[in-house]
Every structure is written in C-alpha cells, then in structure tokens.
Amino acid sequence: MEYSQKHINRLGSVLLETAAVLQSSGASTSRIHMTLNRIATTYNCDIDVMFTLRTLVLTVSHVDHEYEYTSAKQIPPIGVNFSKVTAISQLSWRIKKNAPKQSEILLELETIDNTSHHPRWLVVMAVGLAGAGFCGITGGPLVAMLVAFVATCLGLLTRQELHKKGFNFYICVFLAAFVACLVTGGVLKLYPNQGFQAAFATSVLFLIPGVPLINSFSDLLAGYTLNGFARFVVGLFTVFMIALGLILALTLYHI
Amino acid sequence: MDILQLVWFGCLGGIAALGFAMLFNVPKRTLIYIFFLGCLGIVVKKLILFTGFEIFFASFAAATLIGVFSMFVAHRGHAPPLVFSIPSVIPLVPGSYFYKFMIGVIELIGVEGTGFTTIFNETVNNGLSAIFVIMGLSVGVSLPNLIFRKESFHETSFFKMVKKKNKQE
C-alpha cells in the first residue's frame, strides 16, 4: 500500500473520532488504547496517545517515521451508550481484517454515532422495574416495591427532562434524587413501620454512577492512574449529589 | 433459606440488571445474557452470605464471578465484556447500608451527649461497609479482564508463541 502525508492525516482523524465516541459512551481507557492500536497497526502505523477525560492528544507516525500527524480533540461529556462501544469494537475487528479506505471508516463512524436509543417509555419502565427489583432484594414488601417503581420512574423522567434543558449533570442528579425521595419519603411519613424504608433507600439507586466507578478501578489497575482518579472523583461527586438530594428530602419530612 | 426465596431474589436481581442494561442502551441481543448474569450475581451473594461470610467477601466473590462469566459470554454475544458485566453487577450495590449511613449522619448533626457514641459507631460501620463493598465490586469485575486477557485471546503471548512454533516446523 502506498503512503503519503494525506493518508496519515486521515488515519489520525479516524483514530481521534473513534476514541472520542468510545470515551464518551463509557469505555475504559485500556479498551480505547487497545482499539486505537488495533486500527493503527492495520495501516502500519504507531500511535502515542495522551488520555485525559475531556481531551485527547494523539500522534500517528508511519513505522519508518517518514510521515507524522499530531492533533488534539475535545471529548463531549459522558452519556453511557454500550451499543456504540459494541459497534466500534466490531468495526475495529472488521478494519483489522479488510483494511478499508479511511473515508469509508469515517462514514461508518458517523452512522455509529447516530445510532438510536431504545424507546424512551421502555427505558423508563425498565428502570422503574429495576428500582422495584432493588427494593425487593433489600427486603421490601410488594407495596414498597410499587412505591419504589413509581419513585424511580418519576426520578428518571426528571433527570431526562433536565438533561434535555441542558442543565449541569450534577444538578440533574441532585434534583432527580430529590424528586424520587420526595415520593418515597411522603409515603414513609404517612405509613411508618410498614417496610417503606426499603423503598426510600432503593429509589435513588438508578442514579448510582456504576460506569465511572467500575471504569475508574479498571483504569487504576491497568496503570492509567490519572484517568482512573479523574473517573473516581466523578463517581464520588455523583454519589455526593445523590446523598444531598436524599438529605434534603429527609430534612423536609423530618424523618 | 428456602429455594423459592432464592429464585425470587435471583429474578429480582435479573430484572434490576435489565433495567440498567436498558439505561446504558446495550444491544438487544445481549439482554438475555445480562438477565442471567444479574440472577447469578444475587444468588451467589445470598448463598455466600448464608454460609456466614461477611458482605464484603460475598459481593467481591459474586462480582468476580460475573467478571469471569461475562468474558465467556462476550464471545457468544458479540460484544465487549464490559457491556455484560457492568449492568449485571449493579444490583449488588449495597443501597441499604448507604441509606443507613446517610440517616446516621443526619442524626449525628442533631444529637448531643450520651447517644453520640453509639450512633457514631453505627454510622461509621455502615459507611465503611458501603464504601468497601462498592470498591470490592469494582475491583472484582475488572480483575478477570486483567488476569485472563491482555488484548484478546488471539493476541496473548502464549497464542503467538504456539503459532510461531508451528510456522517454524
């Protein structure tokens, strides 16, 4: 295959785009690095990357160092989407096999980035059921599970609406936790000692930052200490915001 | 602990895992695996708790098991392991400890005198349990990935070594 500076430039933008989509949909740093390596070696190139949570700096160089390309890219804030992670993983294997033209890859990346979400009502119902399930696992009776279902649905709807309006991520979490706790707290205040504590405790669990926390530990274990810590702080702060919403509801109801 | 209750808990765990899977927008074909991994996690945790171990160890073991299984399932479901492991490990998060910790903190702000020490002890106990269980879950899920595979099984040094030998012969 023939190489020129133009090829390297295009490969660089493909790699940056891939990394940005992966990072913002919740892949761990080692997975991103691995995927980039997989694509770059297919085209006989080496890469050196600097990862931070919101910016990427990447240098692509041809194996004999004739051509080089360095660029940085801003990464959109995280919105977990495992469909994208899966699609890119499959794409990278296909690239490794066929080594297609870079423009084709860019087109495919665009379609991946625009993949649709599951229908909203289905997601809300499923997460509500998950809240009810949590409540059952903690030992709540069936009535409490129903309350947890309603509270979780309302909380999730609040978060989605606020997110659409463009509010700060942490404010969304705080208010969603507050709304969920308002529902369960009210029921708990009206009927104490009937096992509604379980509903109160579990109605905010849909906000738990599972992806940042688990990814932070994968990163720390894999040696990406800086990124791991950044993710950990994001997770910790989200938990703190949930706690704040919970405490506000508790103090309002004097439980 | 009777079997029926265990099955009930397992189903609830599966449903909770499914909810998070939907929230994280996983591909449709992986949903069924995630349901069963969620069941597995809760059942294993409850069983280990039943035999008298601490909640930390029970959660850690369950998370590690989920991590291992998600690697095997990843091959069949055509998706990376984290797609399976993260939603199914979230039902193991100790919500009640977290809640008790929060309540304890609020009580501590208001209380004076003799009651302080008891509430303080309980609160610290609950808070530490919650934090350690969450850390145990995260480490447990990511461990198998680091132990078993560097890139992909086909890229491990062992596999390459075997391939090279075959070529030389």
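This note covers chain A, two of its local packing features, and its contact with chain B.

1. **Status.** The model is predicted. Local features are held to a pLDDT of at least 70. Totals for chains and interfaces use all residues.

2. **Overall make-up of chain A.** Chain A has 10 helices and 3 strands. Along the sequence the order is α-α-β-β-β-α-α-α-α-α-α-α-α. Two helices thus come before the strands, by that pattern. The three strands follow one another, and helices take up the rest of the pattern.

3. **Dimensions and burial.** The C-alpha trace of chain A spans about 75 × 35 × 30 Å along its principal axes. The chain has 255 residues, and 49% of them are buried.

4. **Contact range.** Consider contacts in chain A between residues at least 6 apart in sequence. Of these, 65% join residues at least 24 apart.

5. **The hairpin.** Strand β1 of chain A covers residues 45-51, and strand β2 of chain A covers residues 55-62. They pair in the antiparallel sense over 7 bridges. With 3 residues between them, β1(A) and β2(A) form a hairpin. For orientation in the register, Asp48(A) stands opposite Thr59(A) in β2(A).

6. **Helix pair α2/α3, geometry.** Helix α2 of chain A (residues 29-42) packs with helix α3 of chain A (residues 82-98). The angle is about 20°, and the axes are 9 Å apart. Because angles under 35 degrees count as roughly parallel, α2(A) is roughly parallel to α3(A). The crossing of α2(A) past α3(A) is left-handed.

7. **Helix pair α2/α3, residues.** On the α2(A) side the contact is made by Thr35(A), Arg38(A), Ile39(A) and Thr42(A). On the α3(A) side it is made by Ile88(A), Ser89(A), Ser92(A), Ile95(A) and Lys96(A). By class, this contact has 3 nonpolar, 4 polar and 2 charged residues.

8. **Contact between the chains.** The contact takes 41 residues from chain A and 37 residues from chain B. On the chain B side, the elements giving two or more residues are α1 (3-23), α4 (81-89), α5 (95-110) and α6 (115-148). Which of them gives the most? That is α1(B), with 10 residues.

9. **Character of the chain B side.** The side of chain B that touches chain A has 27 nonpolar residues. It also has 9 polar residues and 1 charged residue. For the α2(A) contact with α3(A), the nonpolar, polar and charged counts are 3, 4 and 2.

Key: Residues are numbered from 1 along each chain as its sequence is written. Chains are lettered from A and ligands numbered from 1 in the order in which they are written. This is a predicted model: local features need pLDDT of at least 70, side-chain atom pairs count only at pLDDT 80 or more; totals for chains, interfaces and linings use all residues. Two residues are in contact if their C-beta atoms, placed from the backbone, lie within 7 Å. Helices (H or I, at least four residues) and strands (E, at least two) are DSSP runs, numbered from the N terminus. Ala, Val, Leu, Ile, Met, Phe, Trp, Tyr, Cys and Pro count as nonpolar, Asp, Glu, Lys and Arg as charged, and the others, Gly among them, as polar. A residue is buried if 20 or more other C-beta atoms lie within 10 Å of its own, exposed if 12 or fewer, and partly exposed in between; C-beta atoms are placed from the backbone. Axes are lines fitted to C-alpha atoms, for helices over the stretch in contact, and angles run from 0 to 180 degrees between N-to-C directions. Angles under 35 degrees count as roughly parallel, over 145 as roughly antiparallel, 65 to 115 as roughly perpendicular and the rest as oblique. A crossing is left-handed if the near helix is turned anticlockwise from the far one by less than a right angle, and right-handed if clockwise. Two strands pair if DSSP finds at least two bridges between them.
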